[in-house]
Amino acid sequence: MKPLDRILEAAKSAPRHIVLAEGEDPRIVEGAVQAVRAGVASITLVGRRTIVEERLAAVGAGAGEIRIEDPASSLLTPRLTAAYYALRKAKGIDEAAADAAVRSPLVFAAMMVRAGEADGTVGGAVATTADTVRAALQTIGRAPGVGLVSSFFLMMLCEAHHVKKGAFVFADCGLVVDPDAAGLADIAVMSARSFEALAGKPAKVAMLSFSTAGSAAHERVSKVVEATRLAHAAEPCLVIDGELQFDTAFVEAVSAAKAPQSALHGEANVFVFPNLDAANIGYKIAQRIGGATAIGPILQGLARPANDLSRGCNAADVFHMIAVTVVQAGNR
């Protein structure tokens with residue numbers, strides 16, 4: 001089964017209720033309708049009711065097929081406002097500011113998730129990553145015991161020209177700019193868990209660097225080595241190695257030549273980059289030159305699922321992210 005097919009089947013087997021903050025965007029509407037008709041999720045679209053209804057009619061969606069919540073008139077708004085005020089008043093938010101915040105679609109959607117009105121939320125087709133993540137962090141918050149919220153891309157290699165096929169995780173490509181060793185270890189452990197939840201097989205984690213097994217000496221290499229040690233200490237059963245160059249982690253013959261003692265043997269499926277520069281550049285090269293399908297950025301470490309779309313996304317991207325969010329919600 002192709003990786004995306006597995007995610008879709010997992011979502012269909014246990015659909016959840018997902019709220020989409022940008023319900024006025026045609027791509028969001030089309031992806032939402034596709035998700036509902038595929039049996040992946042029930043959907044709430046947040047936005048001005050008349051505009052959302054027009055968008056739904058344009059794609060042939062029937063009345064009542066998808067729930068609409070307009071923050072300006074929703075019966076949920078007073079309760080969500082009270083909850084947001086209670087949550088944020090210690091940060092200096094007064095009741096008027098809380099009311100204004102909840103009328104923002106991103107905050108409204110995130111508060112629906114916090115209040116148990118939805119199982120997860122997706123935004124970012126219109127809003128920036130910063131705004132999308134801020135709304136999630138301030139309302140949904142981190143999961144217990146998590147020190148760092150991070151992100152990853154699910155990279156699909158399925159085309160004929162790909163020597164290897166399947167699902168791979170690249171982290172952190174969208175959020176944490178320059179993690180220290182402890183942060184990098186957190187990203188590694190969370191990314192391994194995310195991979196196993198979505199791909200359904202054991203994670204094999206490569207901690208990437210410009211050095212392999214001591215071939216270079218530099219403080220940036222030392223950070224990756226220390227992060228590997230910390231991640232292994234936190235999860236002793238995790239198959240992980242670093243520092244490794246990408247080819248050593250991905251190609252069996254290169255691994256045999258450059259790192260014969262590596263536990264990965266060139267079969268890594270989770271790639272943890274040392275910083276956001278390397279990760280973001282790496283996933284875009286894999287996508288644009290290598291032809292990989294990139295789904296993300298997918299957030300990890302939150303108390304409940306909230307995910308960020310690229311502003312260049314299309315309806316298929318929205319549909320796939322809804323499915324990923326459903327699977328995340330099912331693994332809570």
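This is a short chat about aromatic contacts, cysteines and internal space in a predicted model.

Biologist: Rings to begin with. How many aromatic pairs does the structure hold?

Modeller: The structure holds nine aromatic pairs. One of them joins F246 and F271.

Biologist: What's the geometry of F246 and F271?

Modeller: Tilted. The centres are 4.8 Å apart, and the planes make an angle of 35 degrees. An angle under 30 degrees would count as stacked, and one over 60 as edge-to-face.

Biologist: Where in the chain do the two rings come from?

Modeller: From distant parts of the chain, 25 residues apart. F246 belongs to helix α10, residues 246–250. F271 belongs to strand β9, residues 270–272.

Biologist: Is F271 buried or exposed? And what about F246?

Modeller: F271 is buried, at a relative accessible area of 1%. F246 is partly exposed, at 35%.

Biologist: Which residues make up the ring cluster?

Modeller: F168, F170, F246, F250, F271 and F273. Ring pairs link these residues into a cluster.

Biologist: Which charged end sits over the ring of F250?

Modeller: That of K164. The charged end lies 4.5 Å from the centre of the F250 ring.

Biologist: Switching topic. How many disulfides?

Modeller: Zero.

Biologist: Why is there no bond for C313?

Modeller: Because its sulfur is too far from any partner: the closest cysteine sulfur, in C173, is 17 Å away. A disulfide needs the two sulfur atoms within 2.5 Å.

Biologist: Is C313 buried or exposed? Same question for C237.

Modeller: C313 is buried, with a relative accessible area of 5%. C237 is exposed, with 77%.

Biologist: Now the voids. How many cavities of 30 Å³ or more turn up?

Modeller: One, from a search of the whole structure. The space in the largest cavity is about 70 Å³.

Biologist: Which residues line the largest cavity?

Modeller: A21, L106, A110, T121, V122, G123, T132, A135, A136, A306 and N307.

Biologist: And which elements each supply at least two of the lining residues?

Modeller: Two helices and two strands. The helices are α6 (105–114) and α7 (129–139). The strands are β4 (120–123) and β11 (306–308).

Biologist: How does that lining divide into nonpolar, polar and charged?

Modeller: Seven nonpolar residues, four polar and no charged. Among the residues in the lining are A110 and T132; Ala counts as nonpolar, and Thr falls with the polar ones.

How values were computed. Residues numbered from 1 in each chain as written. Predicted model: local features only at pLDDT ≥ 70, side-chain atom pairs only at ≥ 80, totals over all residues. Heavy atoms only, no water. Phe/Tyr/Trp six-rings, centres within 6.5 Å; stacked < 30°, edge-to-face > 60°. Helix = DSSP H or I, 4+ residues; strand = E, 2+ residues; numbered from the N terminus. Buried < 20%, exposed > 50% of the residue type's maximum accessible area, 1.4 Å probe, protein only. Lys NZ or Arg CZ within 6 Å of the ring centre and 35° of its normal. 1 Å grid on protein atoms, 1.4 Å probe; cavity = no way out; pocket = protein on both sides within 12 Å on 5 of 7 lines; lining within 4 Å. Points joined across faces, edges and corners; volume = space filled by probe spheres on them.
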